[in-house]
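Work through the exercises below with the sequence and the coordinates open beside you. Each task is followed by a solution in steps.

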Amino acid sequence: MFTMQEPGTSVASRYWMYLTALAGLAIIVLGLVLGLVAGMASRGGDRDGAVELAPGVPDPTEAILEWDRSFRDADCETFQERTTSDFRAEYGQAEADYSTCSGFRDGLEEIQAGKPRDFWRTYRIEVTDVSIDGSTARIETEETWEYLERGDVEQASDTYTYDLVLVDGEWLIDDASFLYDGAETPV
């Protein structure tokens, strides 16, 4: 005759048990995959050069870009806000005394001599490396610009290194390796 099945062992019941087990396994695998993806995403500094900063610490590359804009815009206030007083006293890109705003303006005139009228429009900065160690940072850049050579517009580039210090929550340029010694590389 008919064989009696134990309760819970019907084909439908076994089917639902397998589906439940399969769904549980899928949830575990999905959790592992999402965990791995989240872990890799949190290591963005290893993947795309991003630097992880402590909460509330500004990006030091902004100090470099603002400092560069201070030259383009003839903005002495920003120049002074983005540099230490020691750096301004020793800055030697031109003969000017960069510790004062009048010296900053004199330096701009000296820098502009022999360069195209739109020199700052053609000046480009690419940040190539950033390292931070507590309250100090080192930033390397590749900088490209145009200048006039016997009436012809020429292009040059050079690699510069900026050393910054964190003072009262702001990054300030404290030293730099670009004091224009004539070693710029033509592009």
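**Exercise 1.** Is Ile64 buried or exposed, and what is its relative accessible area?

*Solution.* This is a predicted model, in which local features need pLDDT of at least 70 and side-chain atom pairs count only at pLDDT 80 or more, while totals for chains, interfaces and linings use all residues. Residues are numbered from 1 along each chain as its sequence is written, and side-chain values use heavy atoms, with hydrogens and water left out. Buried means under 20% relative accessible area, exposed over 50%, and partly exposed in between (1.4 Å probe, protein chains only). Ile64 has a relative accessible area of 0%, so Ile64 is buried.

**Exercise 2.** Place Ile64 in its element and list its contacts beyond four places in sequence.

*Solution.* Helices (H or I, at least four residues) and strands (E, at least two) are DSSP runs numbered from the N terminus, and Ile64 lies in helix α3, residues 60-72. Leaving aside neighbours within four places in sequence, Ile64 is in contact (heavy atoms within 4.5 Å) with Ile139, Thr141, Tyr162, Leu164 and Ile173. For Ile173, which is 109 residues away along the chain, the C-alpha separation from Ile64 is 7.6 Å.

**Exercise 3.** Repeat the burial assignment for Trp145, then set it against the whole protein.

*Solution.* Trp145 belongs to strand β2, residues 136-149, and counts as buried because its relative accessibility is 5%. For the protein, buried residues make up 29% of the 187 residues. Its elements comprise seven helices and five strands.
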